[in-house]
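Q: Hey, can you walk me through this one? I'd like to ask things as they come up.

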Amino acid sequence: MTSAMEEKLIRWPEEGVRRIPYAVYSSQEVFEAEQKAIFRGPIWHFLGLEAQIPEPGCYVLAQMGEAPVILLRRKDGSVGALVNRCSHKGTPLVFLPAGKIDRFMCIYHNWCFDFEGNMTSAAFERGVRGKGGMASTFKKEDNGLQKLRVHSICGLVFGTLSDETPPFEEYVGPELIANIQRVCAKPLRILGQYSQTLPSNWKLYIENVKDPYHASILHAFNGVMKQDRLTMEGGITMGSRGWSHISYSKMSTDGGDEVYASGDLRSAEITAYGFGLRDKSMTDVWDDFGDRISMTIQTIFPNFVLQQLRNCLAVRTVVPKGTHESELRWIAFGYEDDDERKLNGRLKQSNMMGPAGLIAM
C-alpha cells in the first residue's frame, strides 16, 4: 500500500488500532492491496483435507483470495498444489470442484501438464508438415504451471505462493500446533460439506470467531441449553505474532443461571424454545480427548477455522469475493474409527452449526 493511499484512505483515530477506519473494510484499493500482501504474500492458507484427495489423480479446487488453486494427490502419493491457470493464456485447467484425472490439459490450446506442474506437450509444437510451430527458443521447462509450497499436518493441507513464508510451525506457534494434533490426531472422515454467502468483508468473519465476548450472549441456544456459560472454565491462547488464536472452554456442571438472570440477558430466556429440546440426544456428548475441553475454536490467519464444538468437528474457510461479500465454506468431519453411535452423534450435533444451525444461525 502506498503512502499516498494511506493518506487518502487510512486516517487512524487517536485511539490507534482499537478503532478501525471503515475504509479498511470497504475500499477497493485496500482489497487489492490485501490480495498482493496477504493472499499472494508470505502467508500460509488452508487448502483442504487430505481426505478429499484419497487416491493418486484425485483433486479438489481451493481458493487463495482471488487465486484459484488445485489441491491434488500426485502419482507417488504425495500432496501438491498448483494455480488453476494455464501458463499460456491463463485459462482454467479444471472446472469441476473435485474429480480424478490423469493429467492436466488446457481446453484452449491443449497444452498439457503433469501433476508436478511441468509442461509435457503443446499442440503443433513443431508445426504442420514442417511449417509453423513454436520458435526454436521455446522450452517446455520454462512454461510450467505456478506451484505452491505445501505443508500437511494431521490431514490438513496449507499452501503458500511465497518462498519467504516461514516454516508452518513457526508461523502458527507451538500451542496452536498442539491443538491441531489434538483435534486431528486420527485419520479424518468427511461427513459433509456446505457453503454460505456472507454480505460482508472477509475480515469481519475472522474477527468474529476471535471474539470471546459474544458467544454466550448472542448465541441464545448456548445459554438457554447451558451449553456455554460465562462461568465455565476457559480462556484464550494467542498464536505466533498474535495473528492466530484458540478460544476454549471446559465441560462444567455449573449452570451460571444467576449471572444471566441478573444481567437481563436474552440468552437467559427459554420462552422461544418452550421447555427445551424434545429430543435431548442432540446434547448427549462424550469426551473425545480425555481433557474435558468441550469447545475449541482455533483460527489461523487469514482464512482458517478449526472447530471442536462438543463432538461436532469441522473446518471453515473464508473466501473473499470483493469488498462487501465473502463465502464461508464448511467441511464437517469425524474419525475413520468412529462407531455408529459416534457417527450419528456428530451428525446430530452438526445441526447446531452452519447457516441453519441452532447456535450459529
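Q: Okay, first one: is Asp291 buried, partly exposed or exposed?
A: Asp291 is partly exposed, with a relative accessible area of 24%. Buried means under 20% relative accessible area, exposed means over 50%, and partly exposed is in between, using a 1.4 Å probe and protein chains only.

Q: Before we go on, what sort of model is this, and how are residues numbered?
A: It's a predicted model, where local features need pLDDT of at least 70 and side-chain atom pairs count only at pLDDT 80 or more, while totals for chains, interfaces and linings use all residues. Residues are numbered from 1 along each chain as its sequence is written, and side-chain values use heavy atoms, with hydrogens and water left out.

Q: Back to Asp291, then. Which side chain does Asp291 meet in a salt bridge?
A: That of Arg182, at 2.7 Å from N to O. A salt bridge here is a side-chain nitrogen of Lys or Arg within 4 Å of a carboxyl oxygen of Asp or Glu.

Q: Where do the two sit in the chain?
A: Asp291 is in the loop between helix H9 (257-262) and strand S14 (293-300), and Arg182 is in helix H5 (residues 174-183). They're 109 residues apart, so the pair links distant parts of the chain. Helices (H or I, at least four residues) and strands (E, at least two) are DSSP runs, numbered from the N terminus.

Q: And Arg182, buried or exposed?
A: Arg182 counts as buried, at 15% relative accessibility.

Q: How many salt bridges does the structure hold?
A: Eleven. One of them joins the side chains of Lys203 and Glu34, at 2.5 Å from N to O. Lys203 lies in helix H6 (residues 202-209) and Glu34 in helix H3, so this pair ties together parts that are 169 residues apart in sequence. Both Lys203 and Glu34 are buried.

Q: Which residues are linked in a network of salt bridges?
A: Asp288, Asp338 and Arg346 are. Between Arg346 and Asp338, the closest N and O atoms are 2.7 Å apart. Arg346 is buried, with a relative accessible area of 1%, and Asp338 is buried too, at 10%.

Q: You mentioned H3. How far does helix H3 reach from its first C-alpha to its last?
A: It covers residues 28-39, twelve residues, and reaches 15 Å, close to the 16 Å expected at 1.5 Å a residue. That expected span is 1.5 Å times one less than the number of residues.

Q: Which residues of H3 are buried?
A: Val30, Phe31, Ala33, Glu34, Gln35, Ile38 and Phe39. Ile38 also has a C-alpha 8.5 Å from that of Gly65, though the two are 27 residues apart along the chain. Gly65 is in the loop between strand S2 (58-64) and strand S3 (67-73), and it's buried at 2% relative accessibility.

Q: New topic: sheets. In what order do the strands of the open sheet come?
A: There are three strands, in the order S6-S7-S8, and the pairing is antiparallel. The edge strands are S6 (104-105) and S8 (119-121), each pairing on one side only. Two strands pair if DSSP finds at least two bridges between them, and S6 and S7 (residues 112-113) have two. Phe104 has Phe113 in S7 as its bridge partner.

Q: How many bridges do S9 and S10 pair over?
A: Five, in the antiparallel sense, with S9 at residues 149-153 and S10 at residues 156-160. Ser152 stands opposite Val157 in S10. Two residues lie between the strands of this hairpin, where Cys154 takes a positive phi near 55°.

Q: Speaking of cysteines, how many disulfides does a search of the whole structure find?
A: Zero. A disulfide here is a pair of cysteine sulfur atoms within 2.5 Å.

Q: Why is there no bond for Cys106?
A: Because the closest cysteine sulfur, in Cys86, is 3.9 Å from the sulfur of Cys106, too far for a bond. Cys112 is in no disulfide either: its nearest cysteine sulfur, that of Cys106, is 9.0 Å away. Cys106 is buried at 2% relative accessibility, and Cys112 is also buried at 2%.
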